Amino acid sequence: MHLTLIPHPATPPARAAMSLDAWVERWDDGRVEVSFHLHAPTDSLVIPDKPRRGRHDDLWKSTCFELFVEPAAGAGYREYNFSPSGAWAAYDFAAYRAGMTKPAIEPPESDVEDIGDKLLVDAVLDLPERGRFGLAAVVEEVGGTKSYWALAHGADKPDFHLPACLAATLPPVTDE
């Protein structure tokens, strides 16, 4: 499934030609692959170089790609953060920005590729069978501009936790 993220109107990127696409695919073993493709000269971006790998907090303070997943039952949601440094984070919320805990989960498989005019961030992880999800990103540019990207925005200010941002449904398991 191909998806296009849009910047929040209140926080446009400084570089007008920047765009962000994503692909979401459910594998036959049930795992989900999420691929973010940020189209912009990578030398114009702030790409964190530390921490390099492992679970870390506050990744959203710089360039970071995010996935929000609500199970089909609709009880709370999980947030994943993927940094271009290779670091990741995951948080469970019982309700909108409430009851945050850090789930004990296997680290997602991830890969990052800087190809000069595009930054690719790919993650493979276990997700619920079905449910709504949202994709988002914080993109920090050299010079300090931060733009906030999502499939949909639901308020005057960027807030990826809003239900309006859960704008897509996870694909079913395929037999490919």
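**Close-up views of Ser44 and strand 6 in a predicted model**

**View 1. Surroundings of Ser44.** Leaving aside residues up to four places away in sequence, Ser44 touches Arg15, Glu141 and Val142. The structure shown is a predicted model. Ser44 belongs to the loop that runs between strand 3 (31-39) and strand 4 (54-55). With a relative accessible area of 11%, Ser44 falls under the 20% cut-off and is therefore buried. A polar atom of the Ser44 side chain lies 2.6 Å from the backbone oxygen of Pro41.

**View 2. Enclosure of strand 6.** Strand 6 spans residues 77-82, and five of its six residues are buried, so this strand is largely enclosed by the rest of the structure. Strand 6 pairs with strand 5 and also with strand 7.

**View 3. Pairing of strand 5 with strand 6.** Strand 5 (residues 64-71) runs antiparallel to strand 6, and five bridges join the two. One of the bridge pairs links Glu66 to Asn81, the latter residue lying in strand 6.

**View 4. Pairing of strand 6 with strand 7.** Six bridges connect strand 6 to strand 7 (residues 87-93), again in the antiparallel sense. Tyr77 has Phe93, in strand 7, as its bridge partner.

**View 5. Hairpin turn between strands 6 and 7.** Strand 6 and strand 7 form a hairpin, with four residues between them. Within the turn, Gly86 adopts a positive phi of about 100°.

How values were computed: Residues numbered from 1 in each chain as written. Predicted model: local features only at pLDDT ≥ 70, side-chain atom pairs only at ≥ 80, totals over all residues. Heavy atoms only, no water. Buried < 20%, exposed > 50% of the residue type's maximum accessible area, 1.4 Å probe, protein only. Pairing = 2+ DSSP bridges. Polar contact = N/O pair within 3.5 Å; in protein donor to acceptor, adjacent residues only side chain to side chain. Contact = heavy atoms within 4.5 Å.
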